[in-house]
Amino acid sequence: MEITPKSLYLRRRDFLKLGAGATLLASTAALARAKTEHGSKLAGVKPNPKYTVDEKQTPFDDITTYNNFYELGTDKGDPSENAAALKTRPWTVEVAGEVGKPKKWDIDEILKTFPAEERVYRLRCVEAWSMVVPWDGFPLADFLKRHEPTSRAKYVAFESVVQPSMPGVKGYAGIPFPYLEGLRIDEAMHPLAILAVGLYGEQLPNQDGAPIRLVVPWKYGFKSAKSIVRIKLQERQPTTTWSQYDGGAEYGFYANVNPDVDHPRWSQAKERRIGDILRRKTLMFNGYGEVAPLYAGMDLRKFY
Ligand code: MTE
């Protein structure tokens with residue numbers, strides 16, 4: 001029931017034989033953990049009523065103590081425990097490749113230039129758990145357009161930070177770093193795709209990908225790279241961390257949430273909302289059916 005590389009998966013297999021029980025235990029452990037300290041408030045963030053979900057929002061303490069951020073450790077509680085190992089100032093984000101106006105931004109200039117709004121999105125992890133998160137962010141399209149993509153910009157590559165102080169980057173996490181992800185340009189330009197800089201009206205906690213991360217709510221959570229330092233527009237499909245790990249056999253490039261296409265090691269038909277006991281049905285595109293035209297002509301019963 002985990003995204004874990006097979007090496008770790010095999011070590012933990014006996015525990016995981018418990019199946020749903022194990023995930024339940026994991027979430028109970030998350031609830032029992034110490035509460036996360038609150039960060040600075042973001043100024044002037046207003047909810048965008050167009051992007052909301054009529055479902056209970058996952059509590060702040062669950063969103064910030066039940067994490068996947070392998071650079072800070074592979075257990076769900078590691079990223080919050082090791083959060084201080086990530087330094088978020090000074091911080092730059094470089095935009096390069098097929099753009100008329102490449103630029104290396106200081107994060108504080110990004111925060112000033114692109115005002116954040118609140119968007120409440122479902123987050124569906126490939127491991128079959130989910131949350132409802134009130135993100136603060138701005139459309140990725142607005143950010144990309146500012147750099148004037150050329151006609152050869154067919155894809156967008158995202159790179160997460162690597163800092164030697166981060167305990168997971170030393171190799172035992174089982175996946176290569178830096179964490180790399182990518183989108184097709186039309187996916188990146190879709191109004192639902194955002195760069196998030198906060199949640200619950202506060203600066204993004206380190207464990208959730210401070211100071212800036214991707215959020216692509218119709219795809220499995222692993223597409224949403226955290227703590228981004230480089231964005232490159234390019235003609236060819238980017239290499240991703242998870243495809244380097246297993247040739248894309250378990251974690252595809254598209255990775256659209258799809259209840260009808262199982263992960264090779266588990267079903268994707270249902271998910272467990274963190275905080276709930278009973279599992280709920282997983283929705284096609286995680287409930288964001290408006291993205292379907294992006295995939296016209298692709299056979300949605302296949303694994304991509
Ligand atoms: N980004 C980086 N750099 N490293 C990671 O390990 N994990 C991914 C994604 N982004 C990950 C990452 C996975 S598997 C998920 S489900 C989401 O982050 C989890 O985001 P959250 O911890 O804020 O809920």
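These numbered points go through a predicted model of one protein chain with a ligand.

1. Overall make-up. The chain contains 9 helices and 13 strands. It has 304 residues, and 57% of them count as buried. Take the contacts with a separation of 6 or more. Residues 24 or more positions apart supply 73% of these. The accessible surface of the chain is about 13,200 Å². Carbon and sulfur atoms hold 55% of that surface.

2. Ligand surroundings. The ligand has 17 residues around it. Tyr70, Glu71, Asp208, Arg213 and Lys226 are the closest.

3. Polar contacts of the ligand. Which parts of the protein meet its N and O atoms? Arginine 213 brings a polar side-chain atom to 2.7 Å from a ligand oxygen. The side chain of lysine 226 has an N or O atom 2.7 Å from an oxygen atom of the ligand. Asparagine 68 takes part through its backbone: a polar atom there is 3.3 Å from a ligand nitrogen. On its own the ligand has 530 Å² of accessible area, and the protein covers 99% of this.

4. Serine 160. This residue sits in strand β6, which spans residues 155-160. Is serine 160 buried or exposed? The cut-off for buried is under 20% relative accessible area. Serine 160 has 2% relative accessibility, so it counts as buried. Its side chain has a polar atom 2.6 Å from the backbone oxygen of lysine 226. Lysine 226 thus appears twice in this note: its side chain has a polar contact with the ligand, and its backbone oxygen has one with serine 160.

5. Contacts of serine 160. Neighbours within four places in sequence are set aside here. Serine 160 then touches Glu71, Pro178 and Tyr179, among others. A run of further partners follows: Ala225, Lys226, Ser227, Ile228 and Val229. Glu71 and Lys226 are in this list, and both are among the closest residues to the ligand.

6. Phenylalanine 143. Helix α7, residues 140-145, holds this residue. Phenylalanine 143 counts as buried because its relative accessibility is 0%, against a cut-off of under 20%. Outside its neighbours within four places in sequence, phenylalanine 143 is in contact with Val95, Trp105, Ile110, Phe114, Phe138, Leu195 and Ile231. How far apart are phenylalanine 143 and isoleucine 110 in sequence and in space? They are separated by 33 residues in sequence, and their C-alpha atoms are 8.9 Å apart.

7. Strand β4 and its partners. β4 covers residues 117-124 and is mostly covered, with 6 of its 8 residues buried. Strand β1, residues 46-47, runs parallel to β4 and is joined to it by 2 bridges. Proline 47 has glutamate 118 of β4 as its bridge partner. Strand β5, residues 129-139, pairs with β4 in the antiparallel sense over 8 bridges. Here glutamate 117 is bridged to glycine 137 in β5.

8. The β4-β5 turn. Which residue in this hairpin takes a positive phi? Alanine 128 does, with a value near 80°. The hairpin has 4 residues between its strands.

9. The β2-β3 hairpin. Strand β2 covers residues 92-97 and strand β3 covers residues 103-106. They pair in the antiparallel sense over 4 bridges. Threonine 92 has aspartate 106 in β3 as its bridge partner. The hairpin links β2 to β3 through 5 residues. Val95 lies in the residue range of β2 and Trp105 in that of β3; both are in contact with phenylalanine 143.

Notes
Residues are numbered from 1 along each chain as its sequence is written. This is a predicted model: local features need pLDDT of at least 70, side-chain atom pairs count only at pLDDT 80 or more; totals for chains, interfaces and linings use all residues. Side-chain values use heavy atoms; hydrogens and water are left out. Buried means under 20% relative accessible area, exposed over 50%, partly exposed in between (1.4 Å probe, protein chains only). Contact means heavy atoms within 4.5 Å. Accessible areas come from the Shrake-Rupley method with a 1.4 Å probe; for residues, only the protein chains shown count as cover. A polar contact is a pair of N or O atoms within 3.5 Å; within protein, one must be able to donate a hydrogen and the other to accept it, and residues adjacent in sequence count only if both atoms are side-chain atoms. Two strands pair if DSSP finds at least two bridges between them. A residue is near a molecule or strand if one of its heavy atoms lies within 4 Å of it.
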